[in-house]
Amino acid sequence: MPVADPTNADADDADPTDAGVADADADLHAADLDDDDELDDEFEDGEIDDDDLDDDDDLDDDDDLDDDDDDDFQLNRTARDPNRPVEPPLWEQMAAQSAELPQGERLQKVLAVRGWGSRRVCEDMISDGRVTVNGVVAVLGRRVDTDHDMVEVGGVPIGVKPGLVYYLLNKPEGVVTTAHDPQGRPTVVEMVPEEPRVYPVGRLDFATEGLLLLTNDGDLAHRLAHPSHGVEKEYLAEVSGAPGGGALRRLRDGVELEDGMTAPAKVSQPSPGVLRLTIHEGRNRQIRRMCEAVGHPVNRLVRVRIGPLRDPALKPGEWRELTQAEVRSLVESAAGDTRPIR
């Protein structure tokens with residue numbers, strides 16, 4: 001019995017589709033070989049040179065460079081513009097902005113500690129625009145450096161520097177209103193603590209008694225002493241004789257002195273020969289010269305009030321520190337603020 005040829009059996013059983021795929025692969029392979037042969041022929045004939053091949057390589061290299069450039073641009077945008085400043089990191093920017101803000105204590109706390117009321121009251125003062133810092137109207141949340149910033153209420157410095165003191169002295173007769181006397185006479189500065197060093201605000205002459213303010217707050221001292229701010233000083237004067245209505249009227253309206261006409265004064269006579277005079281000027285020996293000009297020389301003169309400050313219990317030669325409320329009242333008087341202390 002004849003044996004079947006396995007080769008022929010496989011051929012008969014083969015899928016016609018597989019045969020077609022095989023033929024297609026063979027055709028593609030032949031086409032690639034033909035293309036390679038044509039390229040080789042063109043290269044040999046000089047139709048393709050090395051530069052053409054290099055251009056293809058350059059294109060690939062350019063793509064790689066573009067990718068690198070994109071990365072560099074994202075990492076450092078200033079690389080292409082050397083004149084453009086390098087932008088610091090965000091945390092450095094925030095730190096710099098914070099450093100530019102005012103440093104120190106909150107303004108309402110500073111005001112409250114110095115007797116201007118509760119923090120709520122002080123916040124209301126700030127909101128009302130009554131408080132300035134270095135000449136600029138303050139806002140809530142403002143911080144101040146008490147060593148360097150100038151804080152004003154109603155245009156008057158309030159003295160926020162540490163170590164400011166305010167003494168009220170009842171100056172006796174026979175004491176000089178100065179820090180040092182070449183003649184060796186006792187001075188008002190010797191009657192208060194040596195440290196911190198303070199200076200008298202205004203002056204009382206050698207023979208005049210009464211209230212005198214001493215402080216190291218130069219800004220407030222200038223305000224209180226300068227006549228333009230209208231801070232009143234009240235005196236009791238024992239004079240020769242009993243001034244009549246004409247003399248009292250002259251004192252009230254102003255008296256012509258060698259250095260000019262005096263400003264109008266408040267004058268009353270609580271008892272014969274005793275005058276109560278209130279002035280806001282600070283000329284040398286002014287009360288004595290005014291009374292002498294109307295024919296009633298002064299025998300004894302006592303200052304009993306400075307602005308809002310009185311203290312009938314303070315004996316001659318005694319002194320005390322002002323309260324925070326009293327300092328505040330002085331500031332308000334220098335600003336022309338007559339509202340009561342809250």
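Visitor: How many bridges join strand 10 to strand 15 in this model?
Guide: Strands here are DSSP runs of E with at least two residues, while helices are DSSP runs of H or I with at least four, and each kind is numbered from the N terminus. Two strands pair if DSSP finds at least two bridges between them. Strand 10 (residues 233-239) runs antiparallel to strand 15 (residues 298-306), and V239 has V298 as its bridge partner. The number of bridges joining strand 10 to strand 15 is 7.

Visitor: What is the mean pLDDT of the protein?
Guide: This is a predicted model: local features need a pLDDT (the predictor's confidence in each residue, from 0 to 100) of at least 70, side-chain atom pairs count only at pLDDT 80 or more, and totals for chains, interfaces and linings use all residues. Residues are numbered from 1 along each chain as its sequence is written, and side-chain values use heavy atoms, with hydrogens and water left out. A pLDDT of 70 or more is reached by 70% of the residues, and the mean is 79.

Visitor: Over residues 28-67, how many contacts does the model have beyond near neighbours in sequence?
Guide: The pLDDT is below 50 over this stretch. A contact means heavy atoms within 4.5 Å. Beyond near neighbours in sequence, the contacts of residues 28-67 number 6.

Visitor: Which residue in strand 14 is the bridge partner of Y235?
Guide: Strand 14 (residues 274-279) pairs with strand 10 in the antiparallel sense over 6 bridges. Strand 13 (residues 266-271) is also antiparallel to strand 14, with 4 bridges; there V267 stands opposite L277. The partner of Y235 in strand 14 is L277.

Visitor: Which residue takes a positive phi in the hairpin of strand 13 and strand 14?
Guide: This hairpin has 2 residues between its strands. With a phi near 80°, the residue is G273.

Visitor: Which strands stand at the edges of the open sheet with the order 3-2-5-6?
Guide: This sheet has 4 strands, and their pairing is antiparallel. Each edge strand has a single partner strand, so one side of it is left without a neighbour in the sheet. Inside that order, strand 2 (residues 131-133) and strand 5 (residues 151-153) are joined by 3 bridges. The edges are strand 3 (136-137) and strand 6 (156-157).

Visitor: Where is N134, whose phi is near 55°?
Guide: Most residues other than glycine have a negative phi. N134 has a positive one. Its place is in the loop between strand 2 and strand 3.

Visitor: Which two residues does a cis peptide bond join?
Guide: Most peptide bonds are trans. The cis bond has an omega of about -5°, and P196 is found in the loop between strand 7 (166-171) and strand 8 (199-200). The joined residues are E195 and P196.

Visitor: Why are helix 7 and helix 10 called oblique to each other?
Guide: Their axes, lines fitted to C-alpha atoms over the stretch in contact, with angles from 0 to 180 degrees between N-to-C directions, come within 9 Å. Angles under 35 degrees count as roughly parallel, over 145 as roughly antiparallel, 65 to 115 as roughly perpendicular and the rest as oblique. Helix 7 (residues 218-225) and helix 10 (residues 324-334) are therefore oblique, crossing at roughly 50°.

Visitor: Which residues in helix 10 meet helix 7?
Guide: From helix 7, the residues taking part are L220, R223 and L224. Their counterparts in helix 10 are L330, V331, S333 and A334.
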